[in-house]
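User: Please take a close look at one part of this model, and then show how the rest of the chain is arranged around it. Keep the answer connected and give the cut-offs for the terms you use.

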Amino acid sequence: YGKKGSLEGFCSGGGIANLGMVLTVQQLQLGQPPSFCRSYAELPLITTEKISKAARSGDPLALQVFELVGRELGRGLALLVDILNPERIIIGSIYHRQRTLLEPIAIEMLKDEALPEALQVCHVLPSELGENVGDLASLSVALNLLESK
């Protein structure tokens with residue numbers, strides 16, 4: 001994370017908010033502020049949640065943000081499918097929360113980019129653990145370390 005153009009930088013909540021800020025600055029310079037940020041003073045208040053609400057209301061810039069994020073997510077998934085040939089890819093966090101905005105774009109890009117034979121056996125699913133996926137993953141690592149000693 002922190003590397004310009006990284007998958008985490010595009011597809012995390014923080015990455016989406018940062019992308020929204022960058023694109024909002026461009027819109028503010030043109031005198032066309034998006035609904036989720038009307039002035040430069042509001043830039044630090046931009047969140048992924050605000051952008052997603054604006055996208056669901058049809059804000060063009062918010063929709064553009066999720067279009068870019070969905071495309072990058074789809075490209076990243078295509079790399080995983082091509083290299084690892086998994087049967088399932090389970091995505092938590094932001095994908096779980098923003099699935100309706102991200103999934104159609106990501107799956108379209110995945111179909112365009114991945115090897116058809118590998119994609120045919122792979123299913124992309126949201127985590128059933130929802131918001132707890134990070135907590136439970138951390139606990140499982142800790143438990144594994146304790147059990148291995």
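Analyst: Asparagine 85 lies in the loop between H4 and E1; helices (H or I, at least four residues) and strands (E, at least two) are DSSP runs, numbered from the N terminus. The model is a predicted one, in which local features need pLDDT of at least 70 and side-chain atom pairs count only at pLDDT 80 or more, while totals for chains, interfaces and linings use all residues. Residues are numbered from 1 along each chain as its sequence is written, and side-chain values use heavy atoms, with hydrogens and water left out.

Asparagine 85 is not a glycine, yet its phi is positive, at about 50 degrees. Its relative accessible area of 44% makes it partly exposed; buried means under 20%, exposed over 50%, and partly exposed in between (1.4 Å probe, protein chains only). Another positive phi, of about 75 degrees, is taken by glycine 31 just after H2.

Valine 81 touches Pro86 and Ile89, as well as Leu110, Ala114, Ala118, Leu119 and Cys122, leaving aside residues up to four places away in sequence. Contact here means heavy atoms within 4.5 Å.

Val81 also belongs to the largest nonpolar core, a set of 34 residues in which Phe36, Ile51, Val81 and Leu110 touch the most other members. Such a core is a set of buried Ala, Val, Leu, Ile, Met, Phe, Trp, Tyr and Cys residues joined through side-chain atoms within 4.5 Å. At least two of its residues come from each of H2 (13-29), H3 (48-56), H4 (60-84), E1 (88-91), H5 (94-97), H6 (99-113) and H7 (116-120). H4 supplies the largest share, nine residues. In soluble globular proteins, nonpolar side chains tend to be buried together.

Two buried residues outside the loop show how the helices meet. Alanine 106 sits in helix H6 and is buried, with a relative accessible area of 1%. Beyond residues up to four places away in sequence, it touches Gly70, Leu73 and Gly74. Its C-alpha is 8.2 Å from that of valine 69, although 37 residues separate the two in sequence. Serine 52, in helix H3, has a relative accessible area of 4% and is therefore buried. With the same sequence neighbours left out, Ser52 touches Phe66, Gln98 and Leu101.

On H2, the buried residues are Gly15, Ile16, Ala17, Leu19, Gly20, Leu23, Thr24 and Leu28. They pack against helix H1 (7-11), H3, H4 and H5. The end C-alpha atoms of H2 are 25 Å apart, which agrees with the 24 Å that its 17 residues should span at 1.5 Å a residue; the expected span is 1.5 Å times one less than the number of residues.

For the whole chain, eight helices and two strands are found, in the order α-α-α-α-β-α-α-α-β-α from the N terminus. The C-alpha trace spans about 55 × 40 × 25 Å along its principal axes, and 36% of the 149 residues are buried. Of the contacts between residues at least 6 apart in sequence, 65% join residues at least 24 apart.
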